[in-house]
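Trainee: Could you take me through the reasoning behind some of the labels used for this model?
Mentor: Gladly, let's have a look together.
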Amino acid sequence: MATQHSRSAARVMMAPAVFLLLVWMLVPLCLTLYFSLLDYRPLRGTFDCCEGLGNYVRFVSSSAFQDSVVTTLMMVGGILVITVIGGILLALLLDQPIFGQGVVRILVIAPFFVMPTVAALVWKNMFMNPVNGLLAHLWRFFGAEPVEWLTNVPLLSIIIIVSWMWLPFATLILLTAIQSLDSEQLEAAEMDGAGFFSRFGYIILPHMARAITVVILIQTIFLLSIFAEIFVTTGGGFGTRTLTYLVYQRVIESQNVGLGSAGGIIAVILANIVAFFLMRIVGKNLDA
Amino acid sequence: MYLKNVLGATSALALTAAATAAFAQDTTITIATVNNGDMIRMQGLTDAFTEAHPDIALEWVTLEENVLRQNVTTDIAQGGGQYDVITIGTYEVPIWGEREWLVPLTDMGDDFAADDLLPAIAGGLTVDGNLMASPFYGESSMVMYRTDLMDAAGLEMPDAPSWEFIREAAIAMTDRDNDIYGVCLRGKPGWGENMAFLTAMSNSFGARWFDEDWTPQFDTQEWADTLNFYLDLMNEAGPPGAANNGFNENLALFQQGQCGMWIDATVAASFVTNPDESEVADSVGFALAPDNGLGRRGNWLWAWSLAIPASSDAPEAAKTFIAWATGPGYLELVAENEGWANVPPGTRTSLYENPAYLEAAPFAEMTLASINEADPQNPTVDPVPYVGVQFVAIPEFQGIGTQVGQIFSSALAGQISAEEALEQAQAFVTEEMDAAGY
Amino acid sequence: MARAVPTQRRITLSVVAWVIALLIFFPILWTILTSFKTEAEAVADPPLFLNFAWTLENYAVVQERSDYLRYLWNSIAIAGGSTLLGLIIAVPAAWSMAFVPGKRTKDILLWMLSTKMLPAVGVLYPIRLILINLGLLDTKFALIFILTLINLPIIVWMLYTYFREIPGEILEAARMDGATLWSEIAHVLTPMAVPGIASTVLLNIILAWNEAFWTLTLTTVDAAPLTAFIASYSSPEGLFYAKLSAASTMAIAPILIMGWFSQKQLVRGLTFGAVK
């Protein structure tokens, strides 16, 4: 159906989006690239050419860099595991005929609407505070010593907070996927005597595979840039410094723009490597 | 004719007045400030300022300290000109003043009474003989303790305690079953949080950040003594989760009666003795920060101050505001509205000679003594190449201090040992200082 | 739900679902409850659930200190503006990708998504410098524009997956009738895609409303939205749980209410092509 006319029209229609995103990507990237080659420390008044690759070498060779990559992977991985598994279970549950389904769904979705800053503040102060937090009260009620969440299990704490915010998103997409499943197929399997687990393993899960990859892709994009949650809760301390946060510390806290920019470029490269593999998988699914 | 002239003159006057009214508030200044109690009070008094200066309108940007510092620093480094008045501390003033990012506060008017500023505080805000920022409130640190718990433990707090006494008292007061912890100290990582406390404390142990050749000193016995003492004390007598407790968290704990002693900013004194906020208001005593008999005490010196960025487009109006907010008249204004105990402390000599204040503020004398005790030029026992009691006034310190703070905080959380922490700190600071070209 | 389900099983499932849903919702509920307590009640031990003296004082104090309506208006303008601008740019792009797919369509789509990988902190310095030079710092326009660009990939993708499900024959028929390209989009395509567009709009508003990095670093007064409002309440001197809760409730309430009213639309379209 695609005529020559519509093809050129299509190009025109796509142009603004492509052009704007190209500018949005290239201009800051080039400036950052330029800064990354300088000794640029505003507080010292230096703006000197040329460090060459010095900033890159320094950024990568510091021990903080390797730690931050590991922390990032653990944090993003942990959140993905919790939200995907939790999302599948929750979606299966919400798919069942339950009383007050609409209200239940509203309650489950709610955390997705909460600002990250607010979520982090509320969890940090009102739940995870080891003296006044609600979890501490709960622990004491059962006679246990309250957990010092943000100091003793800081990474887990942040994973819990962020998972709480993203669980609804995963649940929603997975729920739509389950609901689109042909119920006759399931019933037929049930007739044949297939138990819940084999039905789940052979019919439901394969059907959801595509939705799961979509959830993983979208969440990864957002999770790689987690910032407010760390800023508010631990300030990057106790081994919760992700790559994004390390770059922040270099640029803003140390005001070493050259070094931080080098870190930013490295973060872009690493993120795109991750993205490349993810998109491969999703790209395949888009064809299907 | 006479009548006509008068009428004419009157209408001309009226016209001028109308024109003035139309032009009134033609200058708007944007004030960036931290969300501390004293600043929020200042914001609440906006009307008092605009009544006296109808041609200047105020816009407030009140942010949490870290967000504020991030925004203000970035803006001033880029010359963004977003703010006309900024709230900065004793750490930033010398560095930014040297970069010529701040407007010198000269010609502030007679009412400002610059001579009245406490010399110890004003000295830290002066660059090349010019006052670069005007102190809004000044603070040192001191020991705040519960007199009732001290009595129950059968001890008496001296005016100038030693660290050994603090340890003894902290252990005696601790009663974990009733949620009472002998001592609350900062543990939250940050150059202005745990490192402010630990650096000041290390001075009294004779430790220093750098020797005169800028070599980091975390491998010295003095630092090992400081950190071990701090960790032992906190493990024996500190509250749970101390590694996440900053000023705010400890203030809340103390006000709820969960701390026997708290060594922190002198401004906290008015909060812990305020019966509206504090459950223990009537049983709080004060003492100087502890020492080890080495001639230095573990107290710091800090002043939240108002300054004008060079990129401001309304420096004159900004000066008018600063002269109002940090002048002697402001103290009287707050006293009228909120009582003398609530005026911003630690900036003016006259305040500490005012009998009304001394009566309303039982902590006044100890605050002044603590402020005068600190010496930013010679913070510790041995000579140092830097200025600053609880910080090192070099641009790199903010980054370095926070990272070292995170390392020490991890030690407090039990993730690493004191030796490991000092080793990591030494390695990290050495690397950073090399890279910075020292 | 044609299948008959034993009542007993239905009750069990319902109880389980309700318990989990309430647990998930609890932090929000607790924040709202705490906002009506006094500071002393907020940290009471044991915690008070409903048996406290309800008060609106915290809201009064927060409102006195900061002009909530101004922040609210900025949030609405920025979230709404960026959504509108995003739609104007994204609808034609998604249309052409869905109906005139070329060899590179998929690559372009994935490339667009990959621009979201740019870490904001890394490019803060250059972006801020550019805005200073253009005189656009602390303007709603700049924020609308930047948030549009940040969310554009997501909008394009959502619309694309939605448009693709519309059968091409319908467009073909419209074209036979002599419809121009624009009238084809306006009269045929858009009405069919309303549910998809609606959920895209909703998602985009939520994302723009909650964006907390650019909105904090590029604004001071004139464009400061609710994220800046909340930043003046986090960790002040002393822990004010009740006031923090009141400010939090004020910051999230508008979007929460909007979300609840429109959750059906949101849910229907939130598939990202995950469902065939």
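Mentor: Let's begin with a definition: the expected span of a helix is 1.5 Å times one less than its number of residues. Keep in mind that this is a predicted model.

Trainee: What makes the reach of helix H17 of chain B close to the expected value?
Mentor: H17(B), residues 397-412, has 16 residues, for which 22 Å is expected, and its first and last C-alpha atoms are 21 Å apart.

Trainee: How do you know that H17(B) is mostly covered?
Mentor: A residue is buried if 20 or more other C-beta atoms lie within 10 Å of its own. In H17(B), 16 of 16 residues are buried. After this helix comes B:Gly414, with a positive phi near 85°.

Trainee: What makes helix H10 of chain A fall short of a straight helix?
Mentor: H10(A), residues 196-223, has 28 residues, and a straight helix would reach 40 Å, but the end C-alpha atoms are only 33 Å apart. There is also a bend of about 45° in H10(A), at A:Ala209.

Trainee: Why is B:Trp214 called partly exposed?
Mentor: Buried takes 20 or more neighbours and exposed 12 or fewer. B:Trp214 has 16 C-beta neighbours inside 10 Å, so it counts as partly exposed.

Trainee: Where is B:Trp214 found, and what does it touch?
Mentor: B:Trp214 is in the loop between helices H9 (194-204) and H10 (221-237) of chain B. Leaving out residues up to four places away in sequence, B:Trp214 touches B:Pro385, B:Met433 and B:Tyr438.

Technical notes: Residues numbered from 1 in each chain as written. Chains lettered and ligands numbered in written order. Predicted model: local features only at pLDDT ≥ 70, side-chain atom pairs only at ≥ 80, totals over all residues. Helix = DSSP H or I, 4+ residues; strand = E, 2+ residues; numbered from the N terminus. Bend = angle between axes of the 7 residues up to and from the residue. Contact = placed C-beta atoms within 7 Å.
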